[in-house]
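Please open the model in your viewer and keep the selection tool at hand. The stops below take up side chains one after another.

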Amino acid sequence: MSRMYDNKPLENVPVYVTKWDGTFDKKHAQAKSSRDNPGILCDGRIVRQARINIDSSDPASLQVRYYILYVLLERAHRRKYSDTGVEQEPNFSETTKVSTGYLNSSYNVKSKGSTDRLTPEEVSILVHDLKVSDMISNIVAKDNAAGNIILLMKEEQRLKVDLKENSLVRIKTCGNSPFVESLVVRDDLTSTIANFAGDEMMGDNWLEKIAAAKATLRVDEEPSEIADDEWDD
């Protein structure tokens, strides 16, 4: 089914020309997340956007375009990877509820170890890139409010989503950097992903995904963890 988009929000986004010292290497903006360089997974709200054209001081380099996203954080966690490099679900809290198997409301609380949750200050440190900060410092200084984090998203990636001011989003970064690996627009009232830009295409309803995953699980007699939304712990 086709989807109608309103171009007006894009027209209202300010455009700036910035200077990059040397050649802008796309590898710098596409660091692969790994166990040693996991990046962050965060929920937040888009406060403001700006478009930037990056001119390299190297005349042989082509101009590249990015969006600056001003994100007011709601919660954030460090991404987690196995020894073999497979991404795993972060440890959202230090404890979890485990069903005793007798009643739906009967459970025990057990330790899960250290949480992967991050404070806003920790997020700011992890996504800080000195060269990027120097490039956009004049823009951010006049537009940004305290408490927001600043992330950069490729223009072609950004144009795949209908992203407006106050949009609720879930973001993964490219390792410990300010560059966006993937972004989803959230609809918390219906638990639906409205748009997705990153390593997949348009998102499905999360409840449908959960139901499909449960249908494939093998039923055993071991106590199971309560499927609460641990983001709210």
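Buried here means under 20% relative accessible area, exposed means over 50%, and partly exposed lies in between (1.4 Å probe, protein chains only). This is a predicted model, in which local features need pLDDT of at least 70 and side-chain atom pairs count only at pLDDT 80 or more, while totals for chains, interfaces and linings use all residues. Residues are numbered from 1 along each chain as its sequence is written, and side-chain values use heavy atoms, with hydrogens and water left out.

Select Cys-174 to begin: its relative accessibility is 7%, so this residue counts as buried. Move next to Cys-42, which is also buried, with a relative accessible area of 0%. The structure holds 0 disulfides (a disulfide being a pair of cysteine sulfur atoms within 2.5 Å).

Now turn to the aromatic rings, where a search of the whole structure finds 3 pairs. Rings of Phe, Tyr and Trp (its six-membered ring) pair if their centres lie within 6.5 Å, and planes under 30 degrees apart count as stacked, over 60 as edge-to-face and the rest as tilted. Select Trp-20 and Phe-24: their ring centres are 4.9 Å apart and their planes stand at 80 degrees, so the pair is edge-to-face. Both Trp-20 and Phe-24 are buried.

Keep Phe-24 and add Tyr-66, whose ring centre is 5.8 Å from that of Phe-24 with the planes at 65 degrees, so this pair too is edge-to-face. Tyr-66 is buried, as is Phe-24. Adding Phe-179 completes the selection, since Trp-20, Phe-24, Tyr-66 and Phe-179 form one aromatic cluster.
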